[in-house]
Amino acid sequence: MIKKTLFIFSIYYLPILGLSSLIVKLAYDRQYSNLDTLQKKDLYYKKKLVKELLNPIIANVFYWSNYNFSENDFDPKMNGGLGKEFGDFLIGMSNYSQFRLIDNMGQEVFRLNRSEKGNVLREAILQDKSYSKYFQNTNQLKKGQIYLSPLNLNVENNILEIPYSPTIRGSAPIFDSENKRLGIVIINFNAQKLLEILKNDNDYSFTLIDDKGNYLATKDKKKDFSHIIPNQEKSNFASMHPKVWNILKKETDTSFVKDKDLWVKIQFNFKEELANLPVFQYKNSDIETSNNWLLINQIPYELIQKKLNKLLLAVLVFNILVIIFLFCFVLLRLKSKKAKKEYLRELKSINKKLEIRNYQLKGYNNMVAHNLRAPATSISALISILVSSTTYDEAKVLFPKLIILTSEINLLVDDLFTYIKILNNDKPKIERLDLNEIVNSVLNIHKDTLLSNSIHVTQEFVEWNEVQFSQDYLKIVLQNLISNAIKYRNLKNNSYIYIRSSFKNNKKIITIKDNGLGINLNRYNHEIFKFHKRFHKGVSGRGMGLFITKTILESLGARIEVESKINEGTIFTIIF
């Protein structure tokens, strides 16, 4: 009988299971594909931005390398008249931090610096740069060639400049009208703003590295240029992600999935990318550079999974309902008339459970529809304002509001996932817990609120301090009850929260007492633990805390009782 039941059930259910699996797979594939497309667009935009910012420095170096310099201009005692023209040029180029002329021996003969306040000053103390690689490389160039240095940190007098200044140097040799080499011109491009834009304008983990795997820009500033900065822990992408690095270095532009994370990489080879600039396209000049950047976006699997959780939840609930229905259907077909009556009674019981489940799911749907609508609408409105913002300062004001709204949505989603886990009989890990540690961890979450509102908390765990329970669920229960005590405090009183462990009828209990607003039990006694119920209109809330608390406790064999009086306070008692 059992085998036949399972066989018939399998015939009906396997096609549905296959269809559900196909839907989930197609959803995952589509999610990866969409994210791949979006991240490639993002990286190509960043690539274009880098190219646009480097274009002026190439053009400026080309211009000054063809300027009508004389030997006197490379004599510090005779080139005093150069300051105004070069100063006016540097003032107009806010991304340039230095403009220099260096003679054939590597000695600076003219130097303009941009101060932290933006002022352009002529430097009186000139340095010997004969040791620097950018001078040595530029000094080997022929007329018409331009050198672009690797991105590194600026060095002054053989010491790294502090604060660190990420710098790219554009330089070219200078010849007089008789093709006699006079020296070189160097313009320092301050890449700090460029790196900040690349790092901050990104929803996911963005990384900029060179072709050796050295970090140039990451969300973790400690990694940036760690291969250059002395006395700092060396971080290298190639050594930290060897498997990913082996794939990245083989392809110019690529995307792939590794350990379920999506990696998208765009390569920026300076020599190739800058070759179509006008100054090079028409063969007016030639560029020498070893720069080869890798722009990388990493999308963790957790974020991909998060975007698909609603679909997975719907498929899961659908399959649960289908399984219940099919088992009932198959069993009814195989039973005799006498057995059918018995199974009909059982079916009624199942239908009753389904009614309860449907009621719970209906409440869940209402929760999603109503509670998500307000923050979603607000986010949409803020994004509309953000799109219409004309300056960064205007947009910056909106970011904290967006953070608050997304935090509210995240908190609501966490509650919904907790609720769904309980509905699906998710069995949590039961372990021996230290009550004092659990309570303190929950109170630490509200530490600032308790201090700022002078709420006195008393803990008394003399009779017992250990209990067998789920750590995660107990934290949720205590978090809900303590946060309610804080939220619904009576502002006219000196608020307190009293938490005590004791025994009642040989059972362990936890008592949480406050002197807050209280609840009208004469009116709300039968609704106090129901889904999506609130009892104080003047205080914000979602109406989820007490419902989840009761559901968690009952699913693990515990229960909760309440005593309360308006404006006197509330006592919640957890009975294990």
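Start by selecting glycine 557: just after H18, this glycine takes a positive phi of about 80°. Keep in mind along the way that this is a predicted model.

Now step back into the helix itself. H18 covers residues 545–555 and is mostly covered, with 8 of its 11 residues buried. To see them, colour Gly545, Leu546, Phe547, Ile548, Thr549, Thr551, Ile552 and Leu553. Then show the side chains of glutamate 554 and lysine 550, which meet in a salt bridge at 2.6 Å, N to O. Both sit in H18, 4 residues apart, or about one turn of the helix. An α-helix has 3.6 residues a turn, so residues three or four places apart point the same way. Glutamate 554 is partly exposed, at 45% relative accessible area, and lysine 550 is partly exposed too, at 26%.

Salt bridges are worth following further; the count comes to 14. Pick glutamate 466 and arginine 432 next, where the closest N and O atoms are 3.3 Å apart. Glutamate 466 belongs to strand E18 (residues 466–470) and arginine 432 to strand E16 (residues 430–434), so this pair ties together parts 34 residues apart in sequence. Check the surface here: arginine 432 is exposed at 53%, while glutamate 466 is partly exposed at 37%.

For a covered pair, go to arginine 100 and glutamate 108, both of them buried. Their salt bridge has its closest N and O atoms 3.2 Å apart. Add Arg111 and Glu156 to the selection, and you have a network of salt bridges linking these two with Arg100 and Glu108.

Next, the cavity. Searching the whole structure turns up 1 cavity of 30 Å³ or more, with a volume of about 30 Å³. Select its lining: Ile455, Ala485, Ile486, Arg489, Ser495, Tyr496, Ile497, Asp514, Asn515 and Gly516. Helix H16 (471–487) and strand E19 (496–504) are the elements that give two or more residues to that lining. By type, the lining residues split into 5 nonpolar, 3 polar and 2 charged.

Over to the surface: show Leu19, Leu22, Ile23, Leu26 and Leu311, a nonpolar patch with about 430 Å² of accessible area together. Helix H1 (residues 2–65) supplies the largest share, 4 residues. One of the patch residues to click on is leucine 22, in helix H1, which counts as partly exposed at 45% relative accessibility.

Last stop: glutamate 233, in the loop between strand E11 (215–217) and helix H5 (237–240). This glutamate counts as exposed, at 68% relative accessibility. Draw a C-alpha to C-alpha distance from glutamate 233 to proline 300 and you get 25 Å, for residues 67 apart in sequence.

Notes
Residues numbered from 1 in each chain as written. Predicted model: local features only at pLDDT ≥ 70, side-chain atom pairs only at ≥ 80, totals over all residues. Heavy atoms only, no water. 1 Å grid on protein atoms, 1.4 Å probe; cavity = no way out; pocket = protein on both sides within 12 Å on 5 of 7 lines; lining within 4 Å. Points joined across faces, edges and corners; volume = space filled by probe spheres on them. Nonpolar A, V, L, I, M, F, W, Y, C, P; charged D, E, K, R; others polar. Patch = residues over 30% accessible without salt bridge, like charges linked within 9 Å, V, L, I, M, F, W, Y side chains within 5 Å. Areas by Shrake-Rupley, 256 points an atom, 1.4 Å probe, with all protein chains shown as cover. Salt bridge = Lys/Arg side-chain N within 4 Å of Asp/Glu carboxyl O. Buried < 20%, exposed > 50% of the residue type's maximum accessible area, 1.4 Å probe, protein only.
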